[in-house]
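Reader: I'm new to reading protein structures. Could you walk me through one, question by question?

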Amino acid sequence: MAQSTEFRGYGPATLASTGALAVAAAGVQALWLPDPANHIPAYLGIWIWTAVLSSALIAMQMYARARRIHSGMADEMIRMAVEQFLPSVGAGALITLVLVRYVPAVLWMLPGIWQIIFSLGVFSSCRFLPRPVAAAGAWYLLTGLGCIALTDSRALSPWAMGVPYGAGQLLVAGILLFAAKEGRDES
């Protein structure tokens, strides 16, 4: 039953707040790290901590919301949601480690690679979410490709991360909010 049920454990307000967090992290980078290409550990620190904090916020809210909305199926629904996204998280972490360790000359590509990998996580989660969420997957894919097309240290600009993740998370939040309203209207 859980596999055929739309997962409603992601809260629009929490996802919107992670978009705002991405924009705030871009602001921090713009103020404190004007030359990220020559300070890669600091750059990675800003964005990895932003991802960890965003993930923690989403996880806490997802747990509480899924328990409330999905009641008896909550554990199974959460497990399926995590299983859908976890391979992308693992791939993003591993590719970051490999590039930092063995190919530091191409670290400028990380924002684009992260966005492309994130898009794959969004696409793999689409089967349990409202159909329009695929638009967010397409957004992250296109912005990731755009970052790589910048072909130099401009890709490490704070806005190369802040705008795609800020707008992307707001897009997902809006889709989920609209889908929830639509679901209430049909009831």
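Reader: Let's start with Pro34: is Pro34 buried, partly exposed or exposed?
Author: First, keep in mind that this is a predicted model. Pro34 sits in the loop between helix 1 and helix 2. Its relative accessible area is 73%, and the cut-off for exposed is over 50%. So Pro34 counts as exposed.

Reader: And how far is Pro34 from Trp47 in space, C-alpha to C-alpha?
Author: Along the sequence, Pro34 and Trp47 are 13 residues apart. In space, the C-alpha to C-alpha distance between them is 15 Å.

Reader: Zooming out, what pattern does the chain follow along the sequence?
Author: The chain has six helices and zero strands. Reading along the sequence, you get α-α-α-α-α-α.

Reader: How compact is the chain for its 187 residues?
Author: The C-alpha trace spans about 55 × 30 × 25 Å along its principal axes. For 187 residues the globule rule gives 16 Å, and the radius of gyration of the chain is 17 Å, which is close to that. So the chain is as compact as a globular protein of that length.

Reader: Of the contacts with a separation of 6 or more, what percentage joins residues 24 or more positions apart?
Author: This one is about how contacts in the chain are spread along the sequence. Residues 24 or more positions apart account for 77% of those contacts.

Reader: What share of the exposed area comes from carbon and sulfur atoms?
Author: Buried residues make up 43% of the 187 residues. As for the surface, the chain exposes about 9,900 Å². The share supplied by carbon and sulfur atoms is 70%.

Reader: How far apart are the centres of the positive and negative side chains?
Author: There are 11 positive and 9 negative side chains in the chain. The distance between the centres of the two sets is 3 Å.

Reader: Which helix supplies the largest share of the largest nonpolar core?
Author: In soluble globular proteins, nonpolar side chains tend to be buried together. Here the largest nonpolar core has 43 residues, and Phe7, Tyr10, Leu15, Tyr43, Trp47, Trp114 and Val133 touch the most other members. Helix 1, helix 2, helix 3, helix 4, helix 5 and helix 6 each supply at least two residues of this core. The largest share, eight residues, comes from helix 2.

Reader: Tyr10 was in that group, so which residues does Tyr10 touch beyond four places away in sequence?
Author: Tyr10 is among the core members that touch the most others. Leaving out residues up to four places away, its contacts are Leu15, Ile58, Gln61, Met62, Arg65, Ala81, Leu129 and Leu176.

Reader: Is Ala66 buried or exposed?
Author: Ala66 is found in helix 2. Beyond four places away in sequence, Ala66 touches Phe7, Gly9, Ser71, Ala74 and Ile78. Its C-alpha atom is 6.7 Å from that of Arg8, although 58 residues separate Ala66 and Arg8 along the chain. With a relative accessible area of 0%, where the cut-off is under 20%, Ala66 is buried.

Reader: What about Gln115: what is its relative accessible area?
Author: Gln115 belongs to helix 4, which covers residues 110-125. Among the residues it touches beyond four places away are Tyr140, Leu141, Cys147, Met161 and Tyr165. Gln115 counts as buried, because its relative accessible area is 0%.

Reader: Is Ala167 buried, partly exposed or exposed?
Author: Ala167 is found in helix 6, and beyond four places away it touches Trp139 and Gly162. Its C-alpha atom is 8.8 Å from that of Ala20, 147 residues away along the chain. The relative accessibility of Ala167 is 32%, and values between 20% and 50% get the in-between label. So Ala167 is partly exposed.

Reader: Last one: how far apart in space are Ala135 and Gln29, C-alpha to C-alpha?
Author: Ala135 lies in helix 5, residues 133-149, and is partly exposed at 41% relative accessible area. Ala135 and Gln29 are 106 residues apart in sequence. In space, their C-alpha to C-alpha distance is 28 Å.

Terms used. Residues numbered from 1 in each chain as written. Predicted model: local features only at pLDDT ≥ 70, side-chain atom pairs only at ≥ 80, totals over all residues. Heavy atoms only, no water. Helix = DSSP H or I, 4+ residues; strand = E, 2+ residues; numbered from the N terminus. Rg over C-alpha atoms; globule rule 2.2 N^0.38 Å. Buried < 20%, exposed > 50% of the residue type's maximum accessible area, 1.4 Å probe, protein only. Contact = heavy atoms within 4.5 Å. Areas by Shrake-Rupley, 256 points an atom, 1.4 Å probe, with all protein chains shown as cover. Lys, Arg positive; Asp, Glu negative; His and termini not counted. Charge placed at Lys NZ, Arg CZ, Asp CG, Glu CD. Core = buried A, V, L, I, M, F, W, Y, C linked by side-chain atoms within 4.5 Å.
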